[in-house]
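Please open the structure in your viewer and keep the sequence beside it. The tour below moves from one selection to the next and says what is found at each stop.

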Amino acid sequence: MSLSWGAVDGVSGYIIEMLSNGTWSQVMSVDSSQTSAMVSNLSSYTTYRFRVKSYVNSGEVTVYSEQSNEVATLTDYSSASATSNSGTSSSASASTSAAFSTSSSVKS
């Protein structure tokens, strides 16, 4: 599954989370130069939900943004949908890819 998102200026990196059994878990993190990631070992014809959040390392403290809108996609199928958590819209495209909207605001 290829995931992509828009770059956010001034961040240290991004965390990709997946919903599994009702709980969001980090599946990987990437540095700020990357705006895409490949999630592997997924089952065909299974719906997966992903979201992305940015983070900034500030001394001994790591500050996280709010997460992106989540994107639900069915692997090996040509549909995807995005659900807004904050009233903003998100775009998605998939057969084996999904796109996210990210926020530049970082909360402490």
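Is N21 buried or exposed? N21 is exposed, because its relative accessible area is 80%, where exposed means over 50% relative accessible area, buried means under 20%, and partly exposed lies in between, with a 1.4 Å probe and protein chains only. Before going further, note that this is a predicted model, in which local features need pLDDT of at least 70 and side-chain atom pairs count only at pLDDT 80 or more, whereas totals for chains, interfaces and linings use all residues. Residues are numbered from 1 along each chain as its sequence is written, and side-chain values use heavy atoms, with hydrogens and water left out.

**The whole chain**

Colour the protein chain by secondary structure, and ten strands and zero helices should appear; in this scheme helices (H or I, at least four residues) and strands (E, at least two) are DSSP runs numbered from the N terminus. Followed along the sequence, the pattern reads β-β-β-β-β-β-β-β-β-β. Of the chain's 108 residues, 32% count as buried. If you switch on the surface, the chain exposes about 5,900 Å², of which carbon and sulfur atoms supply 41%, the areas coming from the Shrake-Rupley method with a 1.4 Å probe and, for residues, with only the protein chains shown counting as cover. Among the contacts (heavy atoms within 4.5 Å) with a separation of 6 or more, 51% are between residues 24 or more positions apart.

**Two loop residues**

Return to N21, which is found in the loop between β2 and β3, and then select N41, which is found in the loop between β4 (36-38) and β5. N21 has a positive phi of about 55° although it is not a glycine, and N41, also a residue other than glycine, has a positive phi near 60°. Most residues other than glycine have a negative phi. What is the relative accessible area of N41? The value is 78%, so N41 counts as exposed.

**The nonpolar core**

Next, select L3, W5, Y14, I16, V30 and F50, which touch the most other members of the largest nonpolar core, a set of 14 residues; such a core consists of buried Ala, Val, Leu, Ile, Met, Phe, Trp, Tyr and Cys residues joined through side-chain atoms within 4.5 Å. The elements that give two or more residues to this core are β1 (2-5), β2 (13-20) and β5 (47-58).

**Aromatic pairs**

Now display the aromatic side chains, among which there are three pairs, counted when the ring centres of Phe, Tyr or Trp (its six-membered ring) lie within 6.5 Å; planes under 30 degrees apart count as stacked, over 60 as edge-to-face and the rest as tilted. One of them joins W5 and Y14, whose ring centres are 5.4 Å apart and whose planes meet at 55°, so the pair is tilted. W5 is buried at 5% relative accessibility, and Y14 is buried at 0%. Another pair is formed by Y55 and Y64, with centres 6.3 Å apart and planes at 45°, so this pair is tilted. Y55 is buried, with a relative accessible area of 15%, whereas Y64 is partly exposed at 36%. While Y64 is on screen, add K53, whose charged end sits over the ring of Y64, 5.0 Å from its centre; this requires NZ of Lys or CZ of Arg within 6 Å of the ring centre and within 35 degrees of the ring normal.

**Polar side chains**

Select E17 in strand β2, which is buried because its relative accessible area is 8%. Which side chain makes a polar contact with the side chain of E17? That partner is R51, at 2.6 Å, where a polar contact is a pair of N or O atoms within 3.5 Å; within protein, one must be able to donate a hydrogen and the other to accept it, and residues adjacent in sequence count only if both atoms are side-chain atoms. Leaving out residues up to four places away in sequence, E17 touches W24, S25, Q26, V27, R49, F50, R51 and K53.

From there, move to Q26 in strand β3 (residues 23-31), which is partly exposed at 48%.

Finish at T62 in strand β6 (residues 61-65), where a polar contact of 3.0 Å joins the side chains of T62 and N57. T62 is partly exposed, with a relative accessible area of 32%.
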